[in-house]
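Student: I am new to this structure and would like a close look at a single part of it. Could you take me through one helix slowly, and show me how its surroundings and its outer face fit together?

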Amino acid sequence: MTSTLENRPAVAPRVQNPITGTTTHTGDRSTAELVKLAAEQISTLVRDELKLAQIELTAKGKRAGRGFGMFGGAGVIAMYGVGALLAALIIGLAAVMPAWLAALIVGVALFIVAGVLALVGKGQVKRAAPAMPEETVAGVKADIDTITSSVKHGGHK
């Protein structure tokens with residue numbers, strides 16, 4: 001491409017229409033057409049970024065849901081552990097026999113299972129945070145940087 005005074009290209013750059021896919025010279029279009037094309041492209045870009053954000057937030061929501069479900073499971077098992085420990089206390093007080101020892105062992109085992117579920121659930125919730133769609137934010141920042149750079153350099157890199 002040859003250049004003219006003030007470092008402007010002698011031939012107008014080509015622009016592709018996002019709807020029709022046709023490529024034309026920007027010199028063949030009016031300013032209104034170029035503004036309309038830019039608005040269409042920005043609209044498409046924003047829609048795509050919003051779709052990406054939705055997908056990313058859905059995945060994080062599912063992960064958080066699994067973690068909260070595990071917390072709920074840990075709570076239920078802990079309630080059974082309390083029941084078993086209460087049964088152990090009752091059996092231990094009712095008759096000083098080895099039956100209470102068995103109930104105590106079951107209760108402790110249930111608390112261990114509850115602790116493991118709580119730790120796994122905590123890990124799931126932690127992996128889901130932060131709720132901000134990081135990939136989408138990075139994409140939008142890159143888009144803004146590209147547009148800013150393009151405007152600063154008169155549409156040419």
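Tutor: What follows is a walk along one helix, beginning with the chain as a whole and ending with a patch on the surface.

Please keep in mind from the start that this is a predicted model, and that every value below is computed from it. The protein chain has 3 helices and 2 strands, and from the N terminus on these elements run in the order β-β-α-α-α. Of its 157 residues, 15% count as buried, while the accessible surface of the chain comes to about 11200 Å², with 69% of that area belonging to carbon and sulfur atoms. Among the contacts in the chain with a separation of 6 or more, 55% are made by residues 24 or more positions apart.

The part I have chosen is helix α2, which covers residues 99-128. This helix has 30 residues and reaches 44 Å from its first C-alpha to its last, close to the 44 Å expected at 1.5 Å a residue.

Let us begin with the residues that are covered. In α2, the buried residues are A103, G107, A114, G121, Q124 and A128. Take Q124, a member of helix α2, as an example: Q124 counts as buried because its relative accessible area is 14%, which is under the 20% that sets the limit for buried residues. If we leave aside its neighbours within four places in sequence, Q124 is in contact with R63, R66, G67 and M70.

Two further pairs show where α2 comes by parts of the chain that are far away in sequence. G73, which has its place in helix α1 (residues 31-94), is 48 residues from G121 in sequence, yet their C-alpha atoms are 9.3 Å apart in space. While G121 is buried, G73 is partly exposed, because its relative accessible area is 24% and the partly exposed class lies between 20% and 50%. The second pair starts from K126, also in helix α2, whose C-alpha atom is separated by 8.1 Å from that of A64, although the two are 62 residues apart along the chain. K126 itself counts as exposed, because its relative accessibility is 64% and exposed residues are those over 50%.

Now turn to the residues of α2 that are open to the surface. A nonpolar surface patch of about 740 Å² is made by I91, W100, L101, L104, I105, V108, I112, V116 and V120, and helix α2 gives the most to this patch, with 8 residues. One of the members is L101, found in helix α2, which counts as partly exposed because its relative accessibility is 41%; a residue needs over 30% to belong to a patch. As for the pattern of the numbering, an α-helix has 3.6 residues a turn, so residues three or four places apart point the same way. With that in mind, you can look in the structure at the patch members L101, L104, I105, V108, I112, V116 and V120, and then at the buried residues of α2, including A103, G107, A114 and G121.

Technical notes:
Residues numbered from 1 in each chain as written. Predicted model: local features only at pLDDT ≥ 70, side-chain atom pairs only at ≥ 80, totals over all residues. Heavy atoms only, no water. Patch = residues over 30% accessible without salt bridge, like charges linked within 9 Å, V, L, I, M, F, W, Y side chains within 5 Å. Areas by Shrake-Rupley, 256 points an atom, 1.4 Å probe, with all protein chains shown as cover. Salt bridge = Lys/Arg side-chain N within 4 Å of Asp/Glu carboxyl O. Helix = DSSP H or I, 4+ residues; strand = E, 2+ residues; numbered from the N terminus. Buried < 20%, exposed > 50% of the residue type's maximum accessible area, 1.4 Å probe, protein only. Contact = heavy atoms within 4.5 Å. Expected span 1.5 Å × (residues − 1).
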